[in-house]
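I set out to record what I looked up about aromatic rings and a few other local features. The entries are kept in the order in which I made them.

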Amino acid sequence: MFSKLALRQTSIFLIGWFAYASTYLLRKPIGVIKVDLQNELLLTKPQLGWLDTALLFPYAMAQLLFGSVGDKLGSRLTLAACLLFAAVSMFSFGFWTNYYIFLTLLFMNGTAQSQCWPNCTKILGSWFPDSKRNTVFGLYGTSALAGGVAGTALAVYLQTTYGWRYVFLYPSFIVGCLSVLVLFFFVSPSESGLSIPGKGRYSAGFLSYLRQVQKFTYASVVSLNRQQTSKSST
């Protein structure tokens, strides 16, 4: 029989897991529809490479520049707002044919998504005792892998069934719904009036771990962007 605290921890974990996984629904489609953009809108390979840059560069830089936003506004509100902003920015992607509008929408999407990981982990980490932190974050990390697979699979399905103009439409609706779920239910223990047994302040080691994760994320994004740009220019 699960305790009330265990049920709350499970629900918080699932909301956080699906919330972050959903961000990949708005990242992966651009790679799926490049051939369509090249054939229908006559975009060149360098232009296709800049689409990746428009998404990934602000994602990496905004993590470093705007990391304190969640501390000022609150992690729940920041995460919900970023998910909603990302959804709104990509909802109309398929309605346009202008290349520079594509760049602008992807830039907005990348900027919004930059604050999803840190604010989601901050709330998630506050719900579990220090002794279970590694297990929880190990399981939580699978959201990125699952989200990437789901994002690509959904984009391919929408592309082959409805055409490339719909690959961002339905995922935007899903992410928007999850932003509402986060806003109302992804609360911290303090907001719920609960205390977590075995929960202390973040140790120096854990803070160092978070910084290493952030640096690794930034390095991975920059490396992926270089690879995509190199492929597009060949």
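The entries below go from ring pairs to a cluster, a surface patch and one backbone angle.

**Entry 1: aromatic pairs.** I noted at the start that this is a predicted model. I then searched the whole structure for aromatic pairs and found 15. I reminded myself that such a pair is described by the distance of the centres and the angle of the planes.

**Entry 2: F93 and F168.** I looked up the ring centres of F93 and F168, which lie 4.8 Å apart. Their planes stand at 55 degrees, so I recorded the pair as tilted. An angle over 60 degrees would have counted as edge-to-face. Next I asked which parts of the chain the pair ties together. F93 lies in the loop between α6 (75–91) and α7 (99–113), and F168 in the loop between α10 (142–162) and α11 (169–185), so the linked parts are 75 residues apart in sequence. I also checked accessibility: F93 has a relative accessible area of 1% and is buried, and F168 is buried with 2%.

**Entry 3: F102 and W164.** For F102 and W164 I read a centre distance of 6.4 Å. The planes are at 90 degrees, so this pair is edge-to-face. F102 belongs to helix α7 and W164 to the loop between α10 and α11, so the pair ties together parts 62 residues apart in sequence. Are these two residues buried or exposed? F102 is buried at 0% relative accessibility, and W164 is buried at 5%.

**Entry 4: a cluster and a charge.** I found that Y20, Y24, W117, F137 and Y140 form one aromatic cluster. One of its members, Y24, has R27 lying over its face, at 4.2 Å from the ring centre.

**Entry 5: a surface patch.** I turned to the surface and recorded a nonpolar patch formed by Y157, Y162, Y166 and Y170. Together these residues have about 420 Å² of accessible area. Of this patch I looked up Y170, which is found in helix α11. Its relative accessibility is 38%, so I entered Y170 as partly exposed; the exposed class begins over 50%.

**Entry 6: a backbone angle.** Most residues other than glycine have a negative phi. I therefore asked what phi L42 has. The value for L42 is positive, about 60 degrees, although this residue is not a glycine. L42 sits in the loop between α3 (34–40) and α4 (45–65). With a relative accessible area of 67%, L42 is exposed.

Notes:
Residues numbered from 1 in each chain as written. Predicted model: local features only at pLDDT ≥ 70, side-chain atom pairs only at ≥ 80, totals over all residues. Heavy atoms only, no water. Phe/Tyr/Trp six-rings, centres within 6.5 Å; stacked < 30°, edge-to-face > 60°. Helix = DSSP H or I, 4+ residues; strand = E, 2+ residues; numbered from the N terminus. Buried < 20%, exposed > 50% of the residue type's maximum accessible area, 1.4 Å probe, protein only. Lys NZ or Arg CZ within 6 Å of the ring centre and 35° of its normal. Patch = residues over 30% accessible without salt bridge, like charges linked within 9 Å, V, L, I, M, F, W, Y side chains within 5 Å. Areas by Shrake-Rupley, 256 points an atom, 1.4 Å probe, with all protein chains shown as cover. Salt bridge = Lys/Arg side-chain N within 4 Å of Asp/Glu carboxyl O.
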